[in-house]
Amino acid sequence: FNEMAKKISQKNKELEIKIEEAVEKNLQKNRLMLQQNRLAAMGEMISNIAHQWRQPLNTLGLILQKLEILHKRGTLDEEKLKENITNGMSQINKMSTTIDDFRDFFKKDKKKRIFYLKEAIEESLLFMKTPLEENSIQVTYDRELSVQVNGYKNELTQVIVNIINNAKDALVENKNIDRRIDILCTVKDEHIVIKIEDNAGGIPKDVIDKIFEPYFTTKVEGEGDGIGLYMSKIIIEENMNGKLDVHNSEDGAVLTITLFSDIIDPFCEISYSAEE
């Protein structure tokens, strides 16, 4: 009996070690995929900053050329110098503001904190502003409750960006003329529900159950890594005490984020539109 108990104990220890190794291996894989996802999003962010810097950089170039011409003509007096310097500083401030808008996006929240849901959504729309505008995609925010969430704002922002980016790609691929993404936030049974719906025709039935799997993508090879939605599900369900689901509507795909979080002040209704 003692010998059998020893063998069982030894087997249990070996099993525990294997489980720990498997858990650690899975955590390492998730960390790597999260890093890949962030690098991809960082590339998108740099593209957005470059786009928004293009106009002020062009204006700065014209100001410098103007100063050179005025100097050569001998007409660069103190008033014109100050005027052009003021204009130039205004353009530089615009560029600095662009950086400030994006700099906190990739900072990992070390602890939960209370934030307005509106903040996470608006930061997501700001991040995606350039690709949405370039592809003539209208984003509408039909209704929002002024609600505060206790959680990780940056992580939620990244999830919303991933979902909007996938919707944008689907709309462009399907060559829709009327390209639309609708965001609807409600409080239901003391849960926060965020629905993001596009009108790109929906996800094929034979693959809709696979979209949260790692490295699965419906995009053309080289245009998608299949990480974004997988990491989004991990973030929502493991870090945010929530759930991430998908289904098709009559017009397109609907990604639903449900947060089982503490809710504060869910009664003050406000509205927001990305078109404003």
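**Exercise 1. Locate Asn-241 and describe its backbone and its exposure.**

Asn-241 sits in the loop that runs between helix 6 (228-239) and strand 6 (242-248). Helices (H or I, at least four residues) and strands (E, at least two) are DSSP runs, numbered from the N terminus. The model is predicted: local features need pLDDT of at least 70, side-chain atom pairs count only at pLDDT 80 or more, and totals for chains, interfaces and linings use all residues. Residues are numbered from 1 along each chain as its sequence is written, and side-chain values use heavy atoms, with hydrogens and water left out.

Next, take the backbone: phi of Asn-241 is near 50°, a positive value in a residue other than glycine. Last, the exposure: Asn-241 is partly exposed, because its relative accessible area is 42%. Buried means under 20% relative accessible area, exposed over 50%, and partly exposed in between (1.4 Å probe, protein chains only).

**Exercise 2. Find the loop that holds Ser-136 and give its phi.**

The loop lies between helix 4 (129-134) and strand 2 (137-145). Ser-136 is not a glycine, yet its phi is positive, at about 55°.

**Exercise 3. Is Ile-63 buried or exposed, and which residues does it touch?**

Start with the element: Ile-63 belongs to helix 1 (residues 2-73). Ile-63 is buried, because its relative accessible area is 7%. Leaving out residues up to four places away in sequence, Ile-63 touches Asn-84, Asn-87 and Gly-88; contact means heavy atoms within 4.5 Å. For Gly-88, the C-alpha to C-alpha separation from Ile-63 is 6.8 Å, with the two positions 25 residues apart in sequence.

**Exercise 4. Describe the surroundings of Asp-198.**

Asp-198 is in strand 5 (residues 191-198). Asp-198 is buried but has no salt bridge, that is, a side-chain nitrogen of Lys or Arg within 4 Å of a carboxyl oxygen of Asp or Glu. Its nearest side chain of opposite charge is Arg-180, 8.3 Å away; Lys and Arg count as positive and Asp and Glu as negative, while His and the chain ends are not counted. A polar atom of the Asp-198 side chain lies 2.9 Å from the backbone nitrogen of Ala-200. Beyond four places in sequence, the residues that Asp-198 touches include Ala-167, Leu-171, Ile-181 and Asp-251.

**Exercise 5. Summarise the chain.**

Count the elements: the chain has 6 helices and 9 strands. Then take burial: 39% of the 276 residues count as buried. Finally, among contacts between residues at least 6 apart in sequence, 75% join residues at least 24 apart.

Technical notes. Polar contact = N/O pair within 3.5 Å; in protein donor to acceptor, adjacent residues only side chain to side chain.
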